[in-house]
Amino acid sequence: MKREAVLRTINLVLANKGISPASDSETPMRDAGFRSLDFSEVALRLEDEIGHELNFQAAAMRQIATISDVIDFFVQAAQADVLSNP
Amino acid sequence: MSLAIHNIVQVAGSRQTWKDRVADVTRRHGQLLPILLAKRVLFLVDGSLEAVDAFTLGRQCELDFGILETQRLSPDLVTLVDKLGMARVCLGEGFIENADTAQERKSNRISVMTSGTTGLPKVVEHSWDTLNTLVRVRDNRPRFWFVPYQPGSYAWYQMLCLGAFNAGQDLFCGSSSQPVDSFSEALASGVTAVSSTPTFWRYAFLNLDPDLIQSSSIETISLGGETVDQAILDQVAATFPSASIRHIYASSEAGAAIVVTDAKAGFPVSRLTREDGALQLKVEDGKLFVRSPFTTAAAAGNPETWVDTGDLVEIRGDRVFFLGREGSSMINVGGMKAVRGEIEAQLLKHANVLWAQAYPRKAPFVGMLPAARIVLREPSSDPNHDQAELASFLREALPEHAIPRFWDFINEIPLKPSFKS
């Protein structure tokens with residue numbers, strides 16, 4: 001999964017809340033208006049796109065602070081999924 | 001309790017008084033009576049006419065019976081019916097199955113099938129006394145009722161009893177599988193009263209010619225069967241400004257318990273402390289309980305028993321509001337509760353929303369996220385625009401966790417035979 005695709009989904013979720021688009025940057029999640037429920041929604045939208053559930057690493061979640069971190073997290077989850085479901 | 005023999009029942013083109021219908025039905029099905037009079041039976045019916053025939057036979061001959069539409073008879077339901085010891089009777093074909101193993105007839109027992117919204121229907125036992133709840137109605141002006149309910153459901157029996165036992169109350173029994181044609185025919189036949197669910201009305205407003213509705217002779221409207229929200233009350237009142245409108249809380253186990261006539265959703269909190277004859281209400285653990293002569297407990301000889309309705313309520317100010325069914329009305333969003341009925345009620349306040357259903361979607365990290373299925377009056381060309389508009393509208397009334405995250409815009413109200421969403 002490409003970073004652009006994840007960012008597009010993040011911005012769809014923000015747009016639905018009436019919030020301006022974020023960029024792939026070190027902007028803190030909170031400053032971008034991106035909250036924990038948005039995180040869950042992005043995860044579900046990405047799962048819908050892929051067509052099955054993803055395995056998320058809880059430990060990696062603790063490191064997430066910025067929009068870039070969010071994108072990293074989902075890209076890595078998708079990569080792990082490809083490796084385990086070739 | 002005797003039949004109001006001069007009342008008329010119109011069904012599937014047949015218009016007869018109860019007197020004529022009794023003579024006709026007993027003549028046509030007389031050969032089955034020796035078994036029907038001896039056993040507990042379930043009439044399997046195809047359509048409203050057969051259902052009315054079964055009701056007529058059941059009442060006239062004081063049978064121990066229930067009624068079920070043939071199309072609802074799943075293998076699981078056959079097992080249940082056999083376990084209950086009910087012989088299966090097909091009036092149309094004139095045959096009876098399982099009579100040998102059926103229970104002996106018990107007097108004054110009517111078996112009512114629940115709608116089975118959350119799974120296999122239950123069979124609850126009533127008597128003629130507990131089904132005839134409308135005997136309490138004091139306004140007995142003559143009316144010609146349109147009855148679109150699913151044959152054999154609790155609401156259907158209530159309306160049949162209204163027509164059978166209360167002079168001046170004629171019935172037009174519609175077809176639950178063809179509600180629009182059936183309602184159009186009823187309006188053309190001059191019905192003056194309608195008893196149905198909010199979903200039925202939303203469907204009718206979407207599918208029926210507005211001129212036909214407004215030029216009708218409707219003077220009385222009863223709403224019930226599911227939560228009655230303010231939006232549908234307002235819409236019905238605006239369409240029929242001179243009609244008397246009431247909404248009734250009833251369930252197959254608790255019976256008819258609350259009649260509200262002030263055109264507002266919910267019911268006055270004062271109703272919790274007032275005794276209405278032998279009928280009492282209370283709220284415990286957020287649920288409504290009913291004690292009355294019309295419950296299934298009363299039918300079993302225990303009218304003092306409080307019946308747990310399983311319906312969640314909330315007291316806000318001087319009003320009690322229904323939130324939905326226990327076990328299925330809450331969406332757990334990361335430990336925060338979103339109430340489906342509340343989301344739907346708020347959505348229905350939006351001028352462009354005709355029908356709404358909130359539901360949970362399983363989601364990573366938080367367990368569930370709310371989603372919504374919507375029928376709009378006038379969809380825009382861009383669903384994202386509609387979605388943003390509705391989400392923004394909801395944010396003025398609901399917390400963030402209760403705002404639907406996924407939206408499904410559909411063109412038709414999905415109508416079940418029970419006319420419940």
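This report describes a sheet, two domains and a chain contact in a predicted model.

## Basis of the model

Residues are numbered from 1 along each chain as its sequence is written, while chains are lettered from A and ligands numbered from 1 in the order in which they are written. Because the model is predicted, local features need pLDDT of at least 70 and side-chain atom pairs count only at pLDDT 80 or more, whereas totals for chains, interfaces and linings use all residues.

## The sheet of chain B

In chain B, six strands (DSSP runs of E, at least two residues, numbered from the N terminus) form an open sheet of mixed pairing, in the order β6-β5-β3-β4-β7-β8; two strands pair if DSSP finds at least two bridges between them. The edges are held by β6 (95-97) and β8 (123-126) of chain B, each with a single partner strand, so one side of each is left without a neighbour in the sheet.

Strand β4 (residues 64-69) of chain B pairs with strand β7 (residues 110-113) of chain B in the parallel sense, over two bridges, and B:Phe65 stands opposite B:Ile110 in β7(B).

## Domains of chain B

An automatic or database domain assignment divides out domain 1 (1-196) and domain 2 (330-409) of chain B. The centres of domain 1 of chain B and domain 2 of chain B, taken over C-alpha atoms, are separated by 39 Å.

## Contact between chains A and B

Counting residues as in contact if their C-beta atoms, placed from the backbone, lie within 7 Å, the contact takes 14 residues from chain B and nine residues from chain A.

Technical notes. Helices (H or I, at least four residues) and strands (E, at least two) are DSSP runs, numbered from the N terminus. Two residues are in contact if their C-beta atoms, placed from the backbone, lie within 7 Å.
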